[in-house]
Amino acid sequence: MKKLDLYLIKKFAGPFVAVFFVVVFTLSMQFLWAYMGELIGKGLGVGVIMEFMGWASCTLFPNAIPLATLLASIMTMGGLGERNELLAMKAAGVSLTRILMPLMMVSALITVGAFFASNRLVPVAFNKIYTLREDIARTRDEIKIPTGTFYDGIDGYILRVESRNDVTGMMHNLIVYDHTANAGNTAMTVADSGRIEITPDKKNLIFNLYHGCSYTETNSINYRDTTLTLNRLNFDEQQLIIELANYQFTRSEKDRFGDEAKSRSLYGLRMDRDSIGRELDTLIRRQKIRFRSSTGLNFLYQLDSARTAQGFRDSLRLDSLMHSLSPEQLQTARNTALQRSSLGQDQVISYGRESERYLNHIRMIDIESILKFTLSLSCIIFFFVGAPLGAIIRKGGLGTPVIISILFYLIYYIIDIIGRKLAKNGTLTPLEGTIISTLILVPIAVLLTRKSTQDSSLFNLDSYKEFFQRIWKWISKRFHRFINLFRKGGGKIRIVYMGTPEFAVAPLERLIKGGYEIVGVVTAVDKPSGRGLTMNESAVKKYAVAHGIPVLQPEKLKDPAFLEQLSALKANLFVVVAFRMLPKEVWSMPALGTFNLHASLLPQYRGAAPINWAIINGEKFTGVTTFLLDEQIDTGKILFQESCAIEDYEDAGALHDKLMAMGAELVFKTVDALENHRVKPYEQTPGMNKRLYPAPKLTRDNCHIDWTGSAYRAHLLIRGLSPYPAAWTTLVKPDGTQVGVKLFETYVVPSADTTLPAGTITTDHKTWMEVKCGKDSLRILNIQLAGKKRMDIAAFLLGFREPETCRFE
């Protein structure tokens, strides 16, 4: 055995033994309290009481061993986890299964020991304690004569004592009635004082009376002598000896409860089962014979064609009596049949009661037989509940483990008690009633063992909170769908989607994949573009046509024909993403309202180009917002917002793609919340001391690079306009020729010569080119000349001669 195994066994053995004795002691005290009334006042010796409690403790083993196994396993594994010993073992490559292996072996030994205890020790303990309890019950209470009342605790005598000196034991003003002759009050003794004592063997009571008088009369009268004789005897001292019976505890010569089910081993129970079973079979055979005889069913064989010479017949005239008997005879036959049926019914009830006595014995025997195995099985199952649970909660000691152990054991114990009662009255079979409590623990043990081997956070409250939130969301969603059936617009969500560019395609696709019904799409009219003036369709229209969604392309949103077409779609929600401003006639039409997706954290960057201006202004964070439309641009009440960081390497194109994905999920979330009425819109309010920045439409003027400013501001402008529409500048050659230039990628570097004017170009003619700004310089990585393709700076320098002679304006 390895040192680790021995260490684990020692860690388990200590708590198991301690808990076992604590549980036995606790349950024994409860047992003693329950039977306290039968023990007090009997004059029992300490040895008798200790023997009684010893056998009582043995009967408690079936309850103590499983509980001790459960609590010890939780304390052991919880202690290892709390001291990080379990973590160290796993870090060393020892799996939890390997750690539990020695404890499994110990629990297997406990299981075997529990079986032998329940089969050998517990039956003997029940036999002993039943016999001992009867012997104690047969013992009379000690004689304690009260004062001021008549006492009949001594057979054949009634006594009355007026007062008693508790120091000397002397009693005063005594009256003793002798009823041993069963002749009434014919013998009485009155004394001034007296003292009582019992012989050491508790067989006689000695009454020493002082200064009194004895009265005796004969109450026998015959026809010759009707007089009564009275004898009176005065005395100074008289000793009255009264014989006592059953005032001393007497042990029975042999145990008398060995035939009880709880007092039998498996072998004895099997023998009893066979004996009672044979008696029951004999009883049932006799009942069958008596039942057939009394109900006239002895001649049923006449209906069996196999026993008749005529053989099988196609039909049997069961109503032949109707044709062969007179009405009076037929009525008599009916009455006789009814009487025999009633008699048969009464006999069945009587036979059932007669058989129930045997069936009760058999059920009790079966229950006790199975319990001897379920006790052992519960020990091993409680181990596989406690050990993984301790590894998960990582708490040792007597705090949390005790609470959890008691909780699990109470569940087991309550179910076990209920199962046994149902099995005793025949509602369940003995096997079902006795094993149900153990079987309920099996899936719990499997679950805990699996979770512990996977290092699962079973008691992570956040996971349970999320689970119940999902359930509540599911219930709430269906409840509101039901409520919506009675509201304007019907129950099912019908959406009209409005959008134009690529940014609006992702939310539309997310809604369709989410199962929502898009009844129509509104987008911009087709426009000619390119040198050939080819009609160009919007990205949203292309997606809608590909998925068979009706498309509306109005030139004017207030056109009555368009409004009629829109109303005919019978939508109850409008979703707007990257579309133009809607008139009130449109956004007020659906029952659930109209909401818009905006690519900023409103109220910041209201306008047409929020993504570009967030980068141009050097923001570190941005996001997406859904809000309800109103008369103004981007001022409606906010529904939801999601934020994200703007990374230093991201340009407008990269941020556009990121916000497009976020916006798609936010649109889906908003539609779901509106459908289930789980959102409360709130007004747009800027933060404290926070300036609001607009996001105006991009024009040629606000896309021009100002080289007199700082290189950092020029760099932000280029990032915020890349890849489209792109920041631009003018390249001025020595001869005065001007060429338009677009810049896409740059970074800031310190200026080598701070005396150079803004717009001056410096380069190594091979790999880099810098432009002097008002502060610092801007190194260009990607550039495009008017009428040329976009290229990196190295390719540009190959065809650009003497750049130092040129400048940017």
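Q: Is the crossing of helix 13 and helix 18 left-handed or right-handed?
A: In this predicted model, helix 13 and helix 18 cross in a right-handed way.

Q: At what angle do the axes of helix 13 and helix 18 cross, and within what distance do they come?
A: The crossing angle is roughly 40°, and the axes come within 8 Å. Helix 13 covers residues 505–513, while helix 18 covers residues 652–676. That angle makes helix 13 oblique to helix 18.

Q: Why those two values, an angle and a distance?
A: Because two packed helices are described by the angle between their axes and the distance between those axes.

Q: Ok, which residues of helix 13 and helix 18 meet?
A: From helix 13, Ala506, Pro507, Arg510 and Leu511 take part. They meet Met660, Gly663, Ala664, Glu665, Val667, Phe668 and Val671 of helix 18.

Q: How many of the residues in that contact are nonpolar, polar or charged?
A: The contact of helix 13 with helix 18 has 8 nonpolar residues, 1 polar and 2 charged.

Q: Switching to the sheet. In what order do the strands run?
A: The order is 1-2-3-4-5-6, in an open sheet of 6 strands with antiparallel pairing. From one strand to the next, the twist averages 30°.

Q: Which strands stand at the edges?
A: Strand 1 (150–154) and strand 6 (229–243). Each has a single partner strand, so one side of each has no neighbour in the sheet.

Q: And how many bridges pair strand 3 with strand 4?
A: Strand 3 (residues 171–178) and strand 4 (residues 187–198) pair over 6 bridges, in the antiparallel sense.

Q: What stands opposite His172?
A: Ser193 in strand 4.

Methods:
Residues numbered from 1 in each chain as written. Predicted model: local features only at pLDDT ≥ 70, side-chain atom pairs only at ≥ 80, totals over all residues. Heavy atoms only, no water. Axes fitted to C-alpha atoms, helices over the stretch in contact; angles between N-to-C directions. Helix = DSSP H or I, 4+ residues; strand = E, 2+ residues; numbered from the N terminus. Parallel < 35°, antiparallel > 145°, perpendicular 65-115°, else oblique. Left-handed = near helix turned anticlockwise from the far one by under 90°. Contact = heavy atoms within 4.5 Å. Nonpolar A, V, L, I, M, F, W, Y, C, P; charged D, E, K, R; others polar. Pairing = 2+ DSSP bridges.
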